[in-house]
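Here's a quick briefing to read with the model open in your viewer. We'll start with one residue and then work through the fold, the charges and a second site.

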Amino acid sequence: MNRRGFLRGALASAAAVAAYSPSRGVWAAKPDNDTIDIPDLDGELVLAGSLLDEAADDFGHIISAAPVAVLIPGSIHDIRKLIRFANKHDIKVGGMSMIGNTHSTYGQSQVGGGVVIDMSALCEIHEIGADYAVVDAGVRWVELLQATLPQGKSPPTLTDYIDLSIGGTSSVGGIGGQAFRHGLQVDNVLELQVITGQGKLVTCSPTKHKKLFHAVRAGLGQFAIIVRARVRLVDVPPMARMYHAYYDDLAAMTADQEMVIDDDRFDYVEGFAEPHPGGTGWIYKIELVKYFTPGDEPDDVALTGDLSNNPGTEVVTDMPYFDFANRIAPLVAFLKQIGAWGLPHPWIDMFVPGDVANGFIQGVLDQTTLADTGQGPILIYPFKRAKVTTPFMTLPDGENCYLFSILRTAVPPELAGQLVAKNRAIYEDLRDLGGKRYAISSVPFDQQDWHDHFGDQWWDFAVAKLKYDPKNVLTPGQGIFTW
Ligand SMILES: Cc1cc2nc3c(=O)[nH]c(=O)nc-3n(C[C@H](O)[C@H](O)[C@H](O)COP(=O)(O)OP(=O)(O)OC[C@H]3O[C@@H](n4cnc5c(N)ncnc54)[C@H](O)[C@@H]3O)c2cc1C
């Protein structure tokens, strides 16, 4: 069943809102003397049922803030009307991907006591051009890729898991193994249609309403709800060849990663720490991909002959480009089947300055056990800082920057609190070295932390908030502005 079909089913069993009581601050299914009518909507505001439970949860399963209603927009105008209504009556509002639970890990998209907008209801692909696509914000990257690949095109950077919404990753960053060449997904957005915190529908781009465009990408949902995006596409060959090589030494792997991102010989570069087969500590696995057209296969020796572990343990796997891009899907299906998807995920995702990466990452790994990760993956890979041009995508200084992610599963679930505390301690060490937290992480943040996080850009961020969402209606779950 597609999302629209699912939503229709959910609506049949949910109480729709008819009125709002400003004096009591509550929504009501029936109007009375104390209520005012809500605006006419093409879709519906829902007061009860499974959609509200979904909106009070996320992939982290650590924080739960119950909204009082979920808007299923029938059009972008519903969002505009709701935000104007929220401004008038001091109601908090936030967008959420809501596809099988949102993929944030620490309540970032939840709106306790407010209204969650289920962006997955807006899911149309409007246009696929020669080097761009125009899509609703609720479209998932996997759906876009399915539509573009028959024409030999793909978004240039894809997250490891592509069942994420275009509005969601455009609000946070969207990093993957192609980032060293193309930047993050936010750097490949060409134009946005947004509804600001004041309820204005605006089209923004590098040339139109530039400040808004710069604020909204990686703006953590603070300034506007993205309703439609024009995103870059590039030509891609139909096949991908994946190489793996193992290293006992982290510095040896990162040296090879830096060499191959410098000379640009691969199309995708990532790496992992995995449990050492010897029983203690970690080994390091580089993951490299070259795209190709059958008949013009990559030259394996030219590509991997000078890796420092060579000759050794390279594994070559050929697969269609789509299977490569969607490679996490079978694992996700398995995790869902065994119930692990529903366990808490106190993830920590960090951006580490290149010049301290080996020491910092090694230090953290030396203190990390399999019990701390719940067998979840650990990602380590560099990308070029200069390729990331989105102003509020806050990263450390320096030429290269590393993504270092400990994608924990709390087993048993009661461990989640302790793991969040470990994340916080790791974050503090990272911060002191000039590193940054990726905002999707489970790391508690207070006002001072946000101030430190944005550094010199804090005032720009705050001024943009005052300009585009002066009543602080949007996305309270990030905990940035609390007035
Ligand atoms: C298995 C898995 C793998 C992942 N792999 C990667 C990866 O490789 N690289 C990577 O960068 N990330 C990755 N992520 C994280 C992902 O990018 C974030 O979870 C992100 O939040 C996108 O998820 P979402 O579409 O569910 O958005 P949500 O979690 O619903 O939203 C993210 C934030 O954006 C806001 N928001 C949502 N929609 C809109 C909108 N239309 N307009 C304005 N604000 C909006 C929300 O309020 C929230 O603050 C992964 C997550 C999972 C669960």
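Which residues does glutamine 185 touch, not counting residues up to four places away in sequence? In this predicted model, the list runs to Trp141, Thr157, Leu158, Thr159, Thr169, Gly173 and Gly174. Below is the rest of the picture, sorted by topic.

**Glutamine 185 and where it sits**

- You'll find glutamine 185 in the loop between α6 (179-182) and β11 (189-196).
- Loop or not, glutamine 185 has a relative accessible area of 2%, and the cut-off for buried is under 20%, so glutamine 185 counts as buried.
- If you want a distance to check, the C-alpha atoms of glutamine 185 and tyrosine 321 are separated by 18 Å; along the chain the two are 136 residues apart.

**Glutamine 222, another loop glutamine**

- Glutamine 222 belongs to the loop between α7 (210-216) and β13 (224-232).
- Its relative accessibility is 1%, which puts glutamine 222 in the buried class.
- Setting aside neighbours within four places in sequence, the contacts of glutamine 222 are Phe461, Lys465, Asp469, Leu474, Thr475, Gln478, Ile480 and Phe481.

**Overall fold**

- The chain carries 16 helices and 22 strands.
- A compact globule of 483 residues would have a radius of gyration near 23 Å, and the chain comes in at 22 Å, so the two agree.
- Along the principal axes, the C-alpha atoms fill a box of roughly 80 × 50 × 45 Å.
- Of the 483 residues, 57% count as buried.
- Take the contacts between residues at least 6 apart in sequence: 70% of them join residues at least 24 apart.
- About 18700 Å² of the chain is exposed, with carbon and sulfur atoms supplying 54% of that area.

**Charges and salt bridges**

- The chain has 39 positive and 58 negative charges, and their mean positions lie 9 Å apart.
- As a reminder, side chains of opposite charge can pair when their charged atoms come close.
- The salt-bridge count comes to 23.
- Aspartate 300 and arginine 241 are one such pair, meeting at 2.9 Å from N to O.
- That pair ties together distant parts of the chain, 59 residues apart: aspartate 300 is in helix α9 (residues 300-304), and arginine 241 is in strand β15 (residues 239-247).
- Are the two partners buried or exposed? Aspartate 300 is partly exposed at 27% relative accessible area, while arginine 241 is buried at 9%.
- Aspartate 263 bridges to arginine 265, with the closest N and O atoms 2.7 Å apart.
- In this pair, aspartate 263 is partly exposed at 39%, whereas arginine 265 is buried with a relative accessible area of 12%.
- Elsewhere, salt bridges with shared partners join Arg24, Asp32 and Asp34 into one network.
- Within that network, aspartate 32 pairs with arginine 24, their closest N and O atoms being 3.4 Å apart.
- Aspartate 32 has a relative accessible area of 38% and is partly exposed; arginine 24, at 48%, also counts as partly exposed.

How values were computed:
Residues numbered from 1 in each chain as written. Heavy atoms only, no water. Helix = DSSP H or I, 4+ residues; strand = E, 2+ residues; numbered from the N terminus. Rg over C-alpha atoms; globule rule 2.2 N^0.38 Å. Buried < 20%, exposed > 50% of the residue type's maximum accessible area, 1.4 Å probe, protein only. Contact = heavy atoms within 4.5 Å. Areas by Shrake-Rupley, 256 points an atom, 1.4 Å probe, with all protein chains shown as cover. Lys, Arg positive; Asp, Glu negative; His and termini not counted. Charge placed at Lys NZ, Arg CZ, Asp CG, Glu CD. Salt bridge = Lys/Arg side-chain N within 4 Å of Asp/Glu carboxyl O.
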